[in-house]
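Colleague: I have not looked at this one before. Can you walk me through it?

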Amino acid sequence: MAHYKSLIGRQWNYGVFDCYSIVRDYYALLGIDLPNYQRPDDPDTCESIFLKNAPKFFKEIDIDKRKPNDLLIMKIWTKEPMHGAILLENDMILHQRFESLSCSEYFNHYYRRRTVGCFRYAA
């Protein structure tokens, strides 16, 4: 488990402090370097950068076998799954929602229903 507290409270800024940024920064704390992909101009009308690129570094696992440090890919307010979060201990998630501060919160029913994939880093 990474010491992620420094990632909490960042103001959302697309391409700088967004959900993919927090995923990259979290894994960097674990010594894992993920590429900084170009963000689409319009996240509502493109394919998911998460689903497209996750298989390059992660292995998809059953959501019921999730563990801390897993990547959760969600579909929240977009046509395609364009939100990523990190699973923490005690079923908490670390993420950066649109126009919000980055935070940790419970992986509740709202997020569970919107999760389309759970991925584990596969070095």
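Modeller: What follows goes through the sheet, the cores, the open and closed spaces, and two single residues of a predicted model.

Colleague: Start with the sheet. How many strands, and in which order?

Modeller: The sheet is open and has 6 strands, in the order S1-S6-S2-S3-S4-S5, and the pairing is antiparallel. The edge strands are S1 and S5 (103–106), each of which pairs on one side only. From one strand to the next, the twist averages 35°.

Colleague: What holds paired strands together in general?

Modeller: Backbone hydrogen bonds pair the strands of a sheet, either parallel or antiparallel.

Colleague: OK, S2 and S3. How many bridges join them?

Modeller: There are 4 bridges between S2 and S3 (residues 83–87), and the two run antiparallel. Leu72 has Ala85 in S3 as its bridge partner, and Leu71 has Ile86.

Colleague: And on to S4?

Modeller: S3 and S4 also run antiparallel, joined by 2 bridges. Ile86 has its bridge partner Leu94 in S4, while Leu87 is partnered there by Ile93. These two strands form a hairpin with 4 residues between them, and Asn90 in the turn has a positive phi of about 60°.

Colleague: Then S4 to S5, how many bridges?

Modeller: S4 and S5 are antiparallel over 4 bridges. His95 is opposite Cys103 in S5.

Colleague: Back to S3. Which way do its residues point, and are they buried or exposed?

Modeller: His83, Ala85 and Leu87 point one way from the strand, Gly84 and Ile86 point the other way, and all are buried. Put as a count, 5 of the 5 residues of S3 are buried, so the strand is mostly covered.

Colleague: What does helix H1 touch on the sheet?

Modeller: H1 (residues 19–29) packs on the sheet and touches S1, S2, S3, S4 (92–95) and S6 (115–121). The direction of H1 makes about 30° with that of S3.

Colleague: Next topic, the cores. How many residues are in the largest nonpolar one?

Modeller: That core has 24 residues, and Val23, Tyr26, Tyr27 and Leu94 are those with the most contacts inside it. H1, H2 (49–53) and S2 are the elements that give two or more residues to this core. H1 provides the largest share, 6 residues.

Colleague: What is Val23 in contact with?

Modeller: Apart from neighbours within four places in sequence, Val23 is in contact with Leu34, Phe50, Leu71, Gly84, Ala85 and Ile86. Of these, Ala85 belongs to a second, separate core of 11 residues, which also includes Ile63, Ile76 and Leu87.

Colleague: Ile63 then. Where is it?

Modeller: Ile63 sits in the loop between S1 (58–61) and S2 (71–74).

Colleague: Why does a loop residue count as buried there?

Modeller: Ile63 counts as buried because its relative accessibility is 15%, and the cut-off is under 20%. Beyond its neighbours within four places in sequence, Ile63 has contacts with Leu72, Phe107, Arg112, Thr115 and Cys118. From Ile63 to Lys75 the count is 12 residues in sequence, and their C-alpha atoms are 15 Å apart in space.

Colleague: Switching to empty space. What volume does the largest pocket have, and what lines it?

Modeller: The volume of the largest pocket is about 400 Å³. Its lining has 19 residues, and those nearest its centre are Cys19, Pro43, Thr78, Met82 and Phe98. H1 and H2 each supply at least two residues of that lining.

Colleague: How many closed cavities of 30 Å³ or more turn up?

Modeller: The search of the whole structure finds 1 cavity of 30 Å³ or more. The largest cavity has a volume of about 110 Å³. Residues lining this cavity include Tyr20, Val23, Leu34, Phe50 and Leu71.

Colleague: Which element gives the most to that cavity lining?

Modeller: H2 does, with 3 residues. H1 and H2 each supply at least two residues of the cavity lining.

Colleague: Last one. Is Ser21 buried or exposed, and what is around it?

Modeller: Ser21 is in helix H1. Ser21 is buried, since its relative accessible area is 5%. Leaving out neighbours within four places in sequence, Ser21 is in contact with Arg10, Gly15, Val16 and Arg39.

Key. Residues numbered from 1 in each chain as written. Predicted model: local features only at pLDDT ≥ 70, side-chain atom pairs only at ≥ 80, totals over all residues. Heavy atoms only, no water. Buried < 20%, exposed > 50% of the residue type's maximum accessible area, 1.4 Å probe, protein only. Contact = heavy atoms within 4.5 Å. Pairing = 2+ DSSP bridges. Axes fitted to C-alpha atoms, helices over the stretch in contact; angles between N-to-C directions. Core = buried A, V, L, I, M, F, W, Y, C linked by side-chain atoms within 4.5 Å. 1 Å grid on protein atoms, 1.4 Å probe; cavity = no way out; pocket = protein on both sides within 12 Å on 5 of 7 lines; lining within 4 Å. Points joined across faces, edges and corners; volume = space filled by probe spheres on them.
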